Amino acid sequence: MRIDIITVLPELMQSPFEASIMKRAIQKGLVEVHFHNLRDYTTNKQRSVDDYQFGGGAGMVMMVQPIDDCISKLKSERTYDEIIYMTPDGETLNQKMANSISMYENIIILCGHYKGVDQRVRDMHITREISIGDYVLSGGEIGAIVFCDAIIRLIPGVLSDETSALTDSFQDNLLSPPIYTRPAEYKGLKVPEVLLSGNFGKIEKWREEMAYEHTKNRRPDLLEND
Ligand code: ADE
């Protein structure tokens, strides 16, 4: 998968891609991430990317020209499956979306700033708008990092068997059951007997029951959605 990220703050975004699972995915050649500094596409002396809002009102708006030029250049070089704008008024990211987007070849992620982007950018180029939750960040960059982490770990070959994404919370609309490692007893707290039994049928059944209980108690909304 190739990810092109358009941002005014590439320096804010780089380090997560130089560590952890995302770094490994890039090293394995499964993912390419390219940053495009929006200021490189400005035509004014100050290299400013924003301007006052027509009609008045607080907050600056990101101008259409630099973003249009950057996206148009990328589109002339390859076809994109999706051109995504990170914005608090987009559809809320969930595991199902992450699963489907992880199968794409090429995507662009546009990070907004200030009040957001000129509506004409959205009308001309954006195919999908994504929010990472009902709160407002100071820019789309951190949202884009969250989004990239969620999709990159799902790309086949990125995770090893031991870290398989198949048993993650949300993968089947259930939260994960409790997990334990050695020692079997710590300060009088014991690991549930069933996990030490070696009976894999029983263990699987226990895990399913616990996942269901845990979901019912914490996130009953997940059980209603199907
Ligand atoms: N930009 C500002 N707030 C955001 C959010 N909640 N999700 C994605 N991008 C954003």
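Contact here means heavy atoms within 4.5 Å. The model on screen is predicted, so local features need pLDDT of at least 70 and side-chain atom pairs count only at pLDDT 80 or more, while totals for chains, interfaces and linings use all residues. Numbering starts from 1 along each chain as its sequence is written, and side-chain values use heavy atoms, with hydrogens and water left out.

Start with the sheet. Five strands (DSSP runs of E, at least two residues, numbered from the N terminus) form an open, parallel sheet in the order β2-β1-β6-β5-β7. Strands β2 (32-37) and β7 (128-131) are at the edges with a single partner each, so one side of each has no neighbour in the sheet. From one strand to the next the twist averages 30°; angles run from 0 to 180 degrees between N-to-C directions, with axes fitted to C-alpha atoms, for helices over the stretch in contact.

Select β5 (82-92) and β6 (106-111) next. Five bridges join these parallel strands; pairing takes at least two DSSP bridges. Ile-84 stands opposite Ile-109 in β6.

Now add the helices (H or I, at least four residues). Helix α3 (64-77) lies across β1 (2-7), β2, β5 and β6, at about 165° to β1. Helix α6 (140-152) packs on the sheet, touching β1, β5, β6 and β7, and makes about 155° with β6.

Finish at Asp-50, in strand β3 (50-51). Asp-50 is buried (under 20% relative accessible area, 1.4 Å probe, protein chains only). Asp-50 has no salt bridge, and Arg-39, the nearest side chain of opposite charge, is 5.6 Å away; a salt bridge needs a side-chain nitrogen of Lys or Arg within 4 Å of a carboxyl oxygen of Asp or Glu. Beyond its neighbours within four places in sequence, Asp-50 contacts Met-60, Val-61, Met-62, Met-63 and Tyr-114.

How values were computed:
Buried < 20%, exposed > 50% of the residue type's maximum accessible area, 1.4 Å probe, protein only. Lys, Arg positive; Asp, Glu negative; His and termini not counted.
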